[in-house]
Amino acid sequence: MAQAVEEWYKQMPIITRSYLTAAIVTTIGCSLDIISPYDLYLNPKLVVKHYQIWRVITNFLYFRKMDLDFLFHMFFLARYCKLLEENSFRGRTADFFYMLLFGATVLTGIVLLGGMIPYVSESFAKIIFLSNSLTFMMVYVWSKQNPYIHMSFLGLFTFTAAYLPWVLLGFSVLVGASAWVDLLGMIAGHAYYFLEDVYPRMTGRRPLRTPAFIRSLFAEEPVVAARPANVRFAAPPVDDVQR
């Protein structure tokens, strides 16, 4: 059993393995009182005035207390982060890292701006950890890139992956969880999907091109597609048809 878990862990791509490890270590550290959540949460005043810049990153690593909800989010993090990195971003580790960086930036910006808007500022002030929202963003992006995959929710009903974020949002509301967390993830995910997939098809321009300095941090692995021998992918020449 231990060997199987070790093999499963080692087979994870680098970004998924790193994020999952950091999230588990941080959450366990807080549960054992080795780390204090008060040193991790997002606080703009402490970031700007006291230069506690690490809070911009650490608020994405803590998933609250270790309970069923924690296991639920670890499953989604391991599953959909891995699916994106191994399939949609296969051989494009830098692009995947840039997607997470974009999502984290959008989420942080929304919370900061929301805290300045009357009537909703109190709701945004309660959002001090964005780890769940970033996980939900990955689920949303995966569902947009794989909309026709059939899924089942607890064996009760089936649906296509395009509706997965809405099913999970409805489930969060039913169990009494805050819908804001999931909605923020959906907003960030849709912003990425539109700018990366929809807008380039409309205009021919790609605004989210990964910067060169981020690409230099990762050694990209070429993706080789095997092509069967003696197989034509286009219509044969007219001379061949006549013969």
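The UniProt record, in an unreviewed entry, places the feature "transmembrane region" at residues 19-38, 96-117, 148-168 and 174-195. UniProt positions follow the numbering used here, feature names are shortened, and annotations may be inferred rather than shown by experiment. This is a predicted model, in which local features need pLDDT of at least 70 and side-chain atom pairs count only at pLDDT 80 or more, while totals for chains, interfaces and linings use all residues. Residues are numbered from 1 along each chain as its sequence is written, and side-chain values use heavy atoms, with hydrogens and water left out.

**Overall build**

The protein chain contains 12 helices and 2 strands; helices (H or I, at least four residues) and strands (E, at least two) are DSSP runs numbered from the N terminus. Along the sequence these elements follow the pattern α-α-α-α-α-α-α-α-β-β-α-α-α-α. Of the 243 residues, 39% count as buried, where buried means under 20% relative accessible area, exposed over 50%, and partly exposed in between (1.4 Å probe, protein chains only). Among contacts (heavy atoms within 4.5 Å) between residues at least 6 apart in sequence, 63% join residues at least 24 apart.

Two of the annotated spans can be described by their ends and their content. In residues 19-38 the end C-alpha atoms lie 21 Å apart, and the span is 65% helix and 0% strand. For residues 174-195 the corresponding distance is 32 Å, with 82% helix and 0% strand.

**Helices α6 and α10**

Helix α6 (residues 93-114) packs with α10 at an angle of about 130 degrees, their axes 9 Å apart. This makes α6 oblique to α10. Axes are lines fitted to C-alpha atoms, for helices over the stretch in contact, and angles run from 0 to 180 degrees between N-to-C directions. Angles under 35 degrees count as roughly parallel, over 145 as roughly antiparallel, 65 to 115 as roughly perpendicular and the rest as oblique.

On the α6 side the contact includes M99, F102 and G103, and on the α10 side L184, G185 and I187 are among the residues met. The residues of this contact divide into 12 nonpolar, 2 polar and no charged. Here Ala, Val, Leu, Ile, Met, Phe, Trp, Tyr, Cys and Pro count as nonpolar, Asp, Glu, Lys and Arg as charged, and the others, Gly among them, as polar.

**Helix α9**

In α9 (residues 164-174), the buried residues are L164, P165, V167, L168, L169 and S172. They pack against α5 (68-88), α8 (131-145), β1 (150-153), β2 (157-160) and α10 (179-203). After α9 comes G176, whose phi is positive, near 85 degrees.

**Individual residues**

T27 is found in helix α2 (residues 14-31) and is buried, with a relative accessible area of 0%. Leaving aside residues up to four places away in sequence, T27 touches L61, Y62, F63, R64, M66 and F70. T27 and P37 are 10 residues apart in sequence and 8.9 Å apart in space, C-alpha to C-alpha.

Two residues other than glycine with positive phi, D33 and Y51, are set out below.

| Residue | Phi | Location | Relative accessible area |
|---|---|---|---|
| D33 | about 60 degrees | loop between α2 and α3 (44-49) | 68%, exposed |
| Y51 | near 55 degrees | loop between α3 and α4 (55-58) | 63%, exposed |
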